[in-house]
Amino acid sequence: MLILPMLQLSAQEWEFTRLDLNVKPQGSRGVSIADLDGNGYLDIVVANQVDSLLQLGNTILFNTGKGFNRKAIADNNLEAWSESVHTVDVDNDHDLDIFFTTQFGVPNLLFENNGKGNFNLIQAGDLTTDLTNTPGACWCDFDLDGDMDVFVVNRDGEDDSLYVNDGNGTFNRAKNGPWIGNKGDGRSCAWGDLNSDGLPDLYVANFVVKQDGKVTGKHRNYLYLSTSDGGFAEQRERVLVKELQATYGVTFVDFDYDKDLDIYVTNVARSDENTLYENLGNGKFEKLSESGVAYEVRRPSKGQTWGDFNTDGFLDLYVANGTEGYPEIQNFLFSGKQEGSFKRVYNSLPANQGHISAGTASGDLDNDGDLDLYVCNWGGEAEADDFYINQNTSGQWLKLRLEGTESNSFGVGSWVTLTLTNATQMTRYFIRETGYGSENAPEIHFGIPSEVQIEKIDIEWPSGIQQSSANISVNTEYIAIEGKEIKPIKK
């Protein structure tokens, strides 16, 4: 078991403690947080770039509730460079398998979970045989057949690809799609219903344009809207895709609680601001140039994770910044306020340590009801990652896990709405991918304002099934089984 020395911070409004996991730095890029062995505690799995095409080096940090045990996923003979990692139920057996994107002529890697946190490398059709240059991916049941499909983004002008799950362990590459021949330089992507038609849409974050191996400019991002016939139509005229930005990360989030999906992109060029696009309804977007999460950054941003870290009822934002040779590298924490505004937090450990960071993700790793942070660092391939435990003890909260029956097994793509006793509503769209190369925990977390209780909870599943309950208490974790019941999880 790993020894966990604590680096303490004096009491303040945003108090975090940094845990040293004693893991050898390997140039970390992406992280996924999930319970992989079914013991009720969230584990950590990291994608590492290591050195060129040396051993994969990825390990799982299994959370025992008292510390973390480190275990290798694969043997030392497996060669790969990985930037993103995904924990996803590919075979609908209600445990989470592991998918790594890889580059430089190595197929992407899929490891099957036996239900107890033991993994075997498996072949799954085109997904694990295509030789691609894949920095990122995003998972979704885009065809609403009850299993998870995946879109992978490739670099240097190589076509992106949609792999369709046939439900029997094979992923077939879609032969058609508007991304064919688009010559992108993808770093990340996100699925979500942007125009409220009940179908998942797709957004791709691209980095730069190259010619003869040399960078000639920034790239535009891509937006593909689902069509009623099961296909996609590219949108080229919207504000989301017209700007040239060197983008690394994208997240779909309903930051203003109006039950439509807004988009936040993180950019790495010194001249670029990060961008928050507000959904005005039916898929029409406005760029919020005056938002503090845009103009106050101006750093080489890559990762991002949204969550109510201080449990006051408003979504906050953590941004991971990092490119070598850039002065004053620092990650940013923004506190969400009323009416969708944000205020930068300076006096908190995750926001005042200098690192060259990449992906970041959040989840309640110590099961105390608030969100903790994991940050991947890669500067000089010798920086240790940061694991921050949230010490907030004053707020109320609710956690919810989804179990699909008609929908995919973890309910990805569901809308959840909380109605509080003060007549306010809070919303979440359940999607795992966050920012760049990373995934938040597969549970939905709400911070609840003090002296307020929950009146009811409503869930809209991807299948169209609607479910609600008025018997919901604060400071409790629930599981919702699609179409059947919403009940507390007993620990």
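User: Which residues of E19 are buried on one side, and which on the other?

Analyst: This is a predicted model. Strand E19 spans residues 222-226, and 5 of its 5 residues are buried. Both faces of the strand are covered. One side carries Tyr-222, Tyr-224 and Ser-226; the other carries Leu-223 and Leu-225.

User: Which residue in E19 is the bridge partner of Leu-202?

Analyst: Strand E16 covers residues 201-206. E16 and E19 pair in the antiparallel sense, over 3 bridges. Within E19, the partner of Leu-202 is Tyr-224.

User: Which residue in E20 stands opposite Leu-225?

Analyst: E20 is the strand of residues 232-235. E19 and E20 run antiparallel and are joined by 4 bridges. Opposite Leu-225 stands Ala-233.

User: Which residue in the turn between E19 and E20 has a positive phi?

Analyst: E19 and E20 form a hairpin, with 5 residues between them. One residue in that turn has a phi of about 90°. That residue is Gly-230.

User: How many residues apart are the two cysteines of the disulfide?

Analyst: The structure holds 1 disulfide. It joins Cys-138 to Cys-189, with an S to S distance of 2.2 Å. The pair links distant parts of the chain: Cys-138 sits in strand E11 (residues 136-140) and Cys-189 in strand E15 (residues 186-192). The separation is 51 residues.

User: Is the link of Cys-138 and Cys-189 left-handed or right-handed?

Analyst: The angle about the S-S bond is -115°. That makes the link of Cys-138 and Cys-189 left-handed.

User: Are Cys-138 and Cys-189 buried or exposed?

Analyst: The cut-off for buried is under 20% relative accessible area. Cys-138 has 0%. Cys-189 has 2%. Because these values fall under the cut-off, Cys-138 is buried and Cys-189 is buried.

User: Why is the sulfur of Cys-140 not bonded to that of Cys-138?

Analyst: Cys-140 is buried, with a relative accessible area of 7%. Its closest cysteine sulfur is in Cys-138. A disulfide needs sulfur atoms within 2.5 Å. The gap is too far for a bond, at 8.0 Å.

User: How far is the sulfur of Cys-376 from the closest cysteine sulfur?

Analyst: Cys-376 is buried, at 0% relative accessible area. The closest cysteine sulfur is in Cys-189. It is too far for a bond, so no link forms across this distance of 17 Å.

User: How far apart in space are Leu-288 and Leu-276, C-alpha to C-alpha?

Analyst: Leu-288 lies in the loop between strand E25 (284-287) and helix H2 (292-295). Its contacts include Phe-255, Glu-278, Ala-294 and Leu-276. Leu-288 and Leu-276 are 12 residues apart in sequence. In space their C-alpha atoms are separated by 5.6 Å.

Conventions. Residues numbered from 1 in each chain as written. Predicted model: local features only at pLDDT ≥ 70, side-chain atom pairs only at ≥ 80, totals over all residues. Heavy atoms only, no water. Contact = heavy atoms within 4.5 Å. Buried < 20%, exposed > 50% of the residue type's maximum accessible area, 1.4 Å probe, protein only. Pairing = 2+ DSSP bridges. Lists of a residue's contacts leave out its neighbours within four places in sequence.
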